[in-house]
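Please look over the sequence and the structure below before reading on. The text that follows goes through the sheet, its charged pairs, some loop residues and the surface.

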Amino acid sequence: MENRSHALLAGLFTLLLVIAAAVTAIWVSKQNLPRIPYELIATSPVTGLTVQSLVRYQGVPVGSVESLRFVPEKPGKVLILIGIDPKTPITEATWAEIVIAGVTGISNVELRDDGTSTTRLVSSAANMKQIPIRPNFLDRLIAQASAMAPAVEGLLVHIQKIASDENIEALGTTLQNVASLSDQLKRSVVLLEPG
């Protein structure tokens, strides 16, 4: 009786081991699906972006960054090669943003599409297509702040002129005169009350 229970346990263990191996094989085979390559050329820093960084299309994970390298003939530019799931509807209206994911400093590539084109952007290893990169929110904010800097500087110069010592002294004199006038009006009202 004891031999049968040991044999049953050994059989169940073997069966579970075979099932685990099959699940692992299926999972590994899904990870190695052929991906469609696309190029991105970044002109701004790609801080936090690494090989295997996530690529999302409208927020849905669809691929990963496969390589990062400099463009030799164009100093200051970085070539980003991404691999995308073949079912992803990349069109001619698709663009990319490099965004920081949370507070970790790790960056991801976000693909977005405004729906203005339904023409698919077909890419292959032999004929790789390029997806344009647009500045992300932080880059746009920094650019706007840089453009506004001269106006803010001019405003500060005007405020400094208004807050000069002479103007502050004149304002103090004006306030004293208003206080004096207020006292005179108060006395005049008191004198007019009996009448």
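Is Arg56 buried, partly exposed or exposed? The model is a predicted one. In it, Arg56 has a relative accessible area of 26% and is therefore partly exposed, because the partly exposed class lies between under 20% for buried and over 50% for exposed. Its partner in a salt bridge is Glu110, with an N to O distance of 3.9 Å. This pair links distant parts of the chain, since Arg56 belongs to strand 2 and Glu110 to strand 6, 54 residues apart. Glu110 has a relative accessibility of 10% and so counts as buried.

The two strands that carry this pair belong to an open sheet. Seven strands make up the sheet, in the order 5-6-2-3-4-1-7, with mixed pairing. Strand 5 (94-100) and strand 7 (129-130) are the edge strands, each pairing on one side only.

Start in the sheet with strand 2, residues 54-57, which runs parallel to strand 6, residues 107-113, and is joined to it by three bridges. Tyr57 has Leu111 of strand 6 as its bridge partner. With strand 3, residues 60-70, strand 2 pairs in the antiparallel sense, over four bridges. Here Arg56 appears again, standing opposite Pro61 of strand 3.

Strands 2 and 3 form a hairpin with two residues between them. Gln58 is in the turn of this hairpin and has a positive phi of about 50°, although it is not a glycine. With a relative accessible area of 44%, Gln58 is partly exposed.

From strand 3 the sheet continues to strand 4, residues 78-84. Seven bridges join these two strands, which run antiparallel. Within this pairing, Arg69 stands opposite Leu79 of strand 4.

Now turn to the side of the sheet where strand 5 is an edge. Strand 5 and strand 6 run antiparallel and are joined by seven bridges. One of the partnerships is that of Ile100 with Ser107 in strand 6. The two strands form a hairpin with six residues between them, in which Gly102 takes a positive phi near 70°.

How many of the seven residues of strand 5 are buried? Six of them are, so strand 5 is largely enclosed by the rest of the structure. Its position as an edge strand describes pairing on one side only, while the burial of its residues describes how it is enclosed by the rest of the structure.

Strand 5 also takes part in a salt bridge. Glu97 and Arg112 form this pair, their closest N and O atoms being 3.4 Å apart. Glu97 lies in strand 5 and Arg112 in strand 6, so the pair ties together parts that are 15 residues apart in sequence. Glu97 counts as buried because its relative accessibility is 10%, whereas Arg112, at 27%, is partly exposed. The count for the model comes to two salt bridges.

What lies over the face of Trp95? Arg134 does, at 3.8 Å from the ring centre. Pairs between aromatic rings are another matter: their count comes to zero.

Two further loop residues are worth finding on the model. Gln52 is located in the loop between strand 1 (36-42) and strand 2. Its phi is near 80°, a positive value in a residue other than glycine. Gln52 is exposed, because its relative accessible area is 60%. Glu92 is in the loop between strand 4 and strand 5, and its relative accessible area of 53% makes it exposed as well. Glu92 and Thr116 are 24 residues apart in sequence, with their C-alpha atoms 8.6 Å apart in space.

The last stop is helix 1, residues 2-31, where Ile19 is found. Ile19 helps to make a nonpolar surface patch of about 710 Å², together with Leu8, Leu9, Leu12, Leu15, Leu16 and Val23. Where does Ile19 stand between buried and exposed? Its relative accessibility is 45%, so Ile19 counts as partly exposed.

Notes:
Residues numbered from 1 in each chain as written. Predicted model: local features only at pLDDT ≥ 70, side-chain atom pairs only at ≥ 80, totals over all residues. Heavy atoms only, no water. Patch = residues over 30% accessible without salt bridge, like charges linked within 9 Å, V, L, I, M, F, W, Y side chains within 5 Å. Areas by Shrake-Rupley, 256 points an atom, 1.4 Å probe, with all protein chains shown as cover. Salt bridge = Lys/Arg side-chain N within 4 Å of Asp/Glu carboxyl O. Buried < 20%, exposed > 50% of the residue type's maximum accessible area, 1.4 Å probe, protein only. Pairing = 2+ DSSP bridges. Phe/Tyr/Trp six-rings, centres within 6.5 Å; stacked < 30°, edge-to-face > 60°. Lys NZ or Arg CZ within 6 Å of the ring centre and 35° of its normal.
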